[in-house]
Every structure is written in structure tokens, then in C-alpha cells.
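User: I am new to this structure and would like a close look at one part of it, namely a strand in the interior and whatever surrounds it. Please explain in one connected account how this part is built into the whole.

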Amino acid sequence: MSADNARQSRDRSLAVVAQQMAKQDVAGLPRNYTLFHEALSGSDPALTRDVATLPAGATQAQIDEIGLRYQLPGFVVLSIANRDEETRRVLDLVGTIAQATLKKQNFVRALETAAESLRSGSASGLADIQAELDHLQANLSETLSAEIGLTKSLELAADRLLMSSNLAEAARTNSLSDRLTGLPNHVALAEKLGLLYAPSAEHRPAALFVVRLVDLGEMAQTYGQVTAGRIVKRAAAIFRKAIKKNDFLARTATDSFAFLFEDVDRSGAKAIADRLVASIADSLVFAGSGEGHYPHMRLSIGVALSTEAFSPQQIKLHAATALESLRAQGSGAGTDTVAIFGDPSRRVS
């Protein structure tokens with residue numbers, strides 16, 4: 001595609017986004033353009049569906065909630081900025097509390113002065129007594145007014161902090177999840193591997209599998225991104241059924257998944273790899289709108305053993321190296337499907 005064609009395509013895309021936002025009466029904020037562009041691209045059907053269900057004239061809070069749920073960068077930055085703003089407001093409240101405390105102290109001193117005056121008889125006339133009472137009433141009214149204002153400020157701050165905390169928790173949860181499949185993502189995998197090599201860990205043998213859907217890119221070009229997304233979601237569902245309760249599964253890239261199996265050594269990796277390959281071959285079948293079926297989906301699997309690596313980074317490197325050895329063979333008939341790092345034959349099946 002030439003530069004002019006690319007620019008024209010981009011301009012048309014922006015025009016469609018702008019029209020849809022205007023139709024739904026959405027503010028023309030940069031982060032809103034990003035959200036609607038992602039939704040209209042159809043790359044994430046769940047995101048497209050959530051944006052489509054927004055009512056006309058939706059509040060910015062409703063829009064921000066969707067953007068944060070799907071971890072779009074502009075909305076994540078906004079969430080962090082909101083937390084900073086709430087922190088500033090809490091610090092302001094500390095000053096307000098100090099002022100309210102000072103007013104209470106002044107009232108107590110005025111009360112003590114009035115009481116002492118009455119006890120000593122210096123306020124002998126009714127006019128003097130009335131003056132003391134008026135002074136106390138003024139101090140009390142000022143103190144109560146400050147207390148009421150402070151209570152409202154604290155309630156508002158508590159509500160905002162709770163909302164900010166919920167948003168932060170949602171952001172963390174989403175930051176560890178793959179938007180399309182709902183599986184843990186590469187960040188969650190890094191945390192899991194960190195625990196595997198932690199000093200307090202039991203250091204039981206484990207195997208890291210990096211699984212690549214070899215034909216996904218070609219299918220996306222042939223059938224479109226929406227269809228490719230369905231294939232990925234179907235593969236995720238199949239993989240979920242292929243693992244046990246204590247096993248870990250993540251989607252780590254557009255066409256890649258990662259598994260972490262505990263209590264698995266080199267010999268056990270073969271049976272697991274065979275099961276994964278068979279699960280896709282037997283179950284990943286898609287009807288093509290009356291045009292037959294999509295091509296058979298192939299897997300490439302790189303395996304690394306925790307007993308042969310000394311850190312999370314090293315075991316990931318070993319698995320990636322094993323996977324790359326399969327890519328180097330090409331995709332013709334007779335090529336290996338699985339490679340285990342450190343295996344002379346680099347072959348399991």
C-alpha cells in the first residue's frame with residue numbers, strides 16, 4: 001500500500017470513528033477516539049459489544065469504565081492521575097481537620113473563660129452574662145459549621161477513595177488478563193515464574209511450554225481479524241480443558257500461549273505435548289459460512305525445564321530458543337512439532 005493510500009485509509013477510518021462518536025454524543029477526547037477506533041476495528045468482539053451498548057449521551061464515567069476494563073493506555077493513565085488527585089485532596093483534608101481542631105480548642109477556651117467569669121462573679125449583671133452566652137453561641141455555631149463541612153468533605157473523600165481503590169483493583173486485574181480470552185497474560189506469567197524461582201519456593205520440577213498457533217497469521221489475512229479472534233478464543237477454551245487444576249495457562253502474544261506444568265520432567269513433557277497437539281487437531285474445527293471448513297491449525301511447542309534454568313528470564317529464553325528451532329525448520333511436511341530445550345534431537349513427538 002502506497003503512502004497516499006495508507007493516508008486515505010487512515011482518514012476514512014478516523015471519519016467513521018468521528019461519525020459514530022457524534023451519533024452517540026460522545027465527547028471528542030483523544031482517549032474516546034482510541035476506544036471507538038478499537039471497537040469499530042472489531043479486533044475484540046467483547047469491546048465492540050460493550051461500546052455498542054453505550055446509551056446515547058453516555059456519561060464520561062461510563063466511557064472511562066469501559067476503557068479501563070480493557071486496559072486502553074489513555075484510560076490507565078487517567079486512572080493513575082485520578083489516584084494522584086485523590087491523594088492531594090486527602091492531604092488538603094488533613095489541613096481542614098487541623099483547622100477544625102483549632103476551632104474546637106478556641107471554643108473550649110471561650111467556655112472555660114465564661115465559666116470562670118461566672119464563678120468569680122465578675123459578670124455580675126445580666127448584660128454581662130448575656131454577652132458571655134452570645135460569645136459562646138457564636139463560637140459553638142462556628143465550630144458546628146466547621147464540623148458539618150468537615151464531615152461532608154470526609155464522606156466525599158471516602159467515596160472517592162473507594163472508587164479510586166476499586167478502579168485501581170480493576171486496573172490491576174485487567175493488567176494481568178488477556179482482553180480477548182480472559183486468560184492470564186504475559187505479565188501474569190512473569191509473576192508466576194517469579195514465584196517459581198522465589199527463595200521460599202519448594203523448587204519442585206516444572207516445565208514451561210510456549211505454544212504457537214502457526215497458521216493464525218495466514219488465517220487472519222484470509223478470513224479477517226474477527227475470525228482470527230474466534231479461533232484464538234476457541235483455542236483458549238480447548239487448552240483450558242487440557243490442563244489440570246494446578247496447571248497455569250496464559251496467552252502471551254497474538255498467536256502464542258504459555259503453560260506452566262508442575263511436577264513434570266523431560267519424559268513427562270512428551271505426553272503433555274502429544275495431548276496438546278491432539279486436542280487442537282481433534283477440536284479446533286470452524287465452519288466457514290457455507291464455504292466448508294477453515295484449514296487445519298498447526299501448533300509449534302517449545303519446552304523448557306525449570307531444573308535446567310536458574311531464573312524466570314532463563315527458562316523463558318530456553319523455551320523461546322526451543323520454539324525458534326522449530327521455526328528455523330520451516331513449515332513443510334516432516335518438520336518437528338515440539339522441541340525441548342537441551343534435547344539433542346529437539347523432538348518429543
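Analyst: A suitable place to begin is F257, which counts as buried with a relative accessibility of 0%. The model under discussion is a predicted one. F257 belongs to strand β3, which spans residues 256–262. Six of the seven residues of this strand are buried, so β3 is largely enclosed by the rest of the structure.

The aromatic side chains come next. A pair of aromatic rings is described by the distance of the centres and the angle of the planes. Four aromatic pairs are found when the whole structure is searched. In one of them, the ring centres of F239 and F257 are 5.1 Å apart and the planes meet at 75°, so this pair is edge-to-face. Because F239 lies in helix α9 (residues 225–242) and F257 in strand β3, the pair ties together parts that are 18 residues apart in sequence. F239 is itself buried, at a relative accessible area of 0%. Another pair is formed by F259 and F261: their ring centres are 5.6 Å apart and their planes lie at 5°, so the arrangement is stacked. F259 has a relative accessible area of 0% and is buried; F261 is buried as well, with 1%. Taken together, ring pairs link F209, F239, F257, F259 and F261 into a cluster.

The strand partners of β3 complete its immediate setting. Strand β1 (206–213) runs antiparallel to β3, and seven bridges join the two. Within this pairing, V210 has A258 of β3 as its bridge partner. Strand β2 (248–253) is also antiparallel to β3 and is joined to it by five bridges. Here F248 stands opposite L260 of β3. The connection from β2 to β3 is a hairpin through two residues. As a general point, the side chains of a regular strand alternate between the two faces of the sheet.

The nonpolar cores may be considered next. In soluble globular proteins, nonpolar side chains tend to be buried together. The largest nonpolar core of this model comprises 36 residues, and those with the most contacts inside it are F209, F239, F257, F259 and L276. At least two residues of this core come from each of β1, α8 (216–223), α9, β3, α10 (266–283), β4 and β5 (338–340). Helix α9 gives the largest share, eight residues. The neighbours of F259 are numerous: leaving aside residues up to four places away in sequence, F259 touches A207, L208, F209, V211, F239, I243, F248, L249 and L276. A second, separate core holds 21 residues, among them F248, A304, I315 and A319.

Helix α7 also packs against this strand. The buried residues of α7 (residues 186–196) are A188, L189, L193 and L196. They cover an arc of only 135° around the axis, which means that they lie on the same side of the helix. An α-helix has 3.6 residues a turn, so residues three or four places apart point the same way. The buried residues of α7 pack against β1, β2, β3 and α11 (312–329). At the start of α7, the backbone nitrogen of V187 has a side-chain oxygen of N185 within 3.0 Å.

One residue of this helix, L189, shows the contact in detail. L189 counts as buried, with a relative accessibility of 6%. Apart from residues up to four places away in sequence, L189 touches L208, F248, A250, T252 and A258. The C-alpha atoms of L189 and R251 are separated by 8.8 Å, although these residues are 62 residues apart along the chain.

Finally, S306 offers a further link to the end of α7 and to β1. S306 lies in the loop between β4 (299–305) and α11, and is buried with a relative accessible area of 9%. A polar atom of its side chain lies 2.8 Å from the backbone nitrogen of A206. Beyond residues up to four places away in sequence, S306 touches L196, Y197, R204, P205, A206 and I315.

In summary, β3 is largely enclosed, is joined to β1 by seven bridges and to β2 by five, and has the buried residues of α7 packed against it.

Methods:
Residues numbered from 1 in each chain as written. Predicted model: local features only at pLDDT ≥ 70, side-chain atom pairs only at ≥ 80, totals over all residues. Heavy atoms only, no water. Buried < 20%, exposed > 50% of the residue type's maximum accessible area, 1.4 Å probe, protein only. Helix = DSSP H or I, 4+ residues; strand = E, 2+ residues; numbered from the N terminus. Arc of directions from axis to C-beta. Contact = heavy atoms within 4.5 Å. Polar contact = N/O pair within 3.5 Å; in protein donor to acceptor, adjacent residues only side chain to side chain. Phe/Tyr/Trp six-rings, centres within 6.5 Å; stacked < 30°, edge-to-face > 60°. Pairing = 2+ DSSP bridges. Core = buried A, V, L, I, M, F, W, Y, C linked by side-chain atoms within 4.5 Å.
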